[in-house]
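Trainee: Could you walk me through this one before I set anything up? I'd like to start with the fold and then get to the ligand.

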Amino acid sequence: MKHLAVFASGTGSNFIEIHQNVINKIIPAKLVCFVSDQEKAPSVSYALKNNIPSFVFNIDHYSNRKTYETALLNFLKTYEVDLIVLAGYMRIIGPTLLNAYPNKIINIHPSLLPLYKGKDAIKRAWDAKEDKTGVTIHYVDAKIDNGKIIMQKELPIQYATLDELIKAIHGIEHEMYTQAINLILEELK
Ligand code: GRF
């Protein structure tokens, strides 16, 4: 079975969904470890509570990206990670990890990329009064929210409030990420 690592900086609703789907064998892989750059994030509490081996680092303790990514890479190697799944991980992935995992790092973003790259994508689409937005899953490259698209789903913006739109986007994300991971696992076989 292939080994997954999930990286998250925040709430971790996508991480939890993936973990549950691994437990329930909906995703035929092992979730072997978790990475976060935010010690106090709810996703970290979840990982610890569920005994998922975790590498939680404080960026201030490292002099640059290369030093923390080297430490991270050593951790990932221990768990023989095949696929890195970014789920709200708020750091750029540098060459140390990109070169070690070519086409093996994926990300989810709440917009129809290439539109609305970066932070607050849902709110920015809402504020711009777009008639549609969506979710994109893509391979990670050196630029933010930029690599080759694996899967994309549109969502018409027909909601009374931004909160309703955010909820709908998250619902789509949870379903889509499992589909995309399973697709890639098939390809890695
Ligand atoms: C998601 O909207 C994802 O698309 C973006 O960060 C958010 C993470 O949410 N990259 P959660 O922490 O999984 O709830």
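Mentor: We will take the chain as a whole, then the sheet and its helices, and then the ligand site. Please keep in mind throughout that this is a predicted model.

Trainee: Okay, how many helices and strands are in the chain?

Mentor: The chain has six helices and seven strands, and from the N terminus on the elements run β-α-β-α-β-α-β-α-β-α-β-β-α.

Trainee: And how compact is the chain for its length?

Mentor: Its radius of gyration is 16 Å, close to the 16 Å that the globule rule gives for 189 residues, so the chain is as compact as a globular protein of that length. Along the principal axes, the C-alpha atoms fill a box of roughly 45 × 40 × 30 Å.

Trainee: On to the sheet, then. What's the strand order?

Mentor: The order is β3-β2-β1-β4-β5-β6-β7, in an open sheet of seven strands with mixed pairing. The edge strands, each pairing on one side only, are β3 at 54-56 and β7 at 149-156, and from one strand to the next the twist averages 15°.

Trainee: Which way do β5 and β6 run relative to each other, parallel or antiparallel?

Mentor: They run antiparallel, with four bridges joining β5, residues 105-109, to β6, residues 132-139. Within that pairing, Asn107 has His138 of β6 as its bridge partner.

Trainee: Which strands do α1 and α3 pack on?

Mentor: Helix α1, residues 13-23, lies across β1, β2, β4 and β5, and runs at about 165° to β2. Helix α3, residues 65-78, touches β1, β2, β3 and β4 as it packs on the sheet, and its direction makes about 165° with that of β2.

Trainee: Switching to the ligand, which residues are around it?

Mentor: The residues around the ligand are Thr11, Gly12, Ser13, Asn14, Gly88, Ile108, His109, Pro110, His170 and Glu173.

Trainee: Which atoms of Ser13, Ile108 and His170 should I look at there?

Mentor: For Ser13, look at a polar side-chain atom that lies 2.6 Å from an oxygen atom of the ligand. Ile108 instead offers a backbone N or O atom, which lies 2.9 Å from a nitrogen atom of the ligand, while for His170 a polar side-chain atom lies 3.4 Å from a ligand oxygen atom.

Trainee: And how much of the ligand's exposed area does the protein bury?

Mentor: Taken alone the ligand exposes 370 Å², and the protein buries 84% of that.

Definitions and conventions. Residues are numbered from 1 along each chain as its sequence is written. This is a predicted model: local features need pLDDT of at least 70, side-chain atom pairs count only at pLDDT 80 or more; totals for chains, interfaces and linings use all residues. Side-chain values use heavy atoms; hydrogens and water are left out. Two strands pair if DSSP finds at least two bridges between them. Helices (H or I, at least four residues) and strands (E, at least two) are DSSP runs, numbered from the N terminus. Axes are lines fitted to C-alpha atoms, for helices over the stretch in contact, and angles run from 0 to 180 degrees between N-to-C directions. Contact means heavy atoms within 4.5 Å. A residue is near a molecule or strand if one of its heavy atoms lies within 4 Å of it. A polar contact is a pair of N or O atoms within 3.5 Å; within protein, one must be able to donate a hydrogen and the other to accept it, and residues adjacent in sequence count only if both atoms are side-chain atoms. Accessible areas come from the Shrake-Rupley method with a 1.4 Å probe; for residues, only the protein chains shown count as cover. The radius of gyration is taken over C-alpha atoms; the globule rule is 2.2 Å times the number of residues to the power 0.38.
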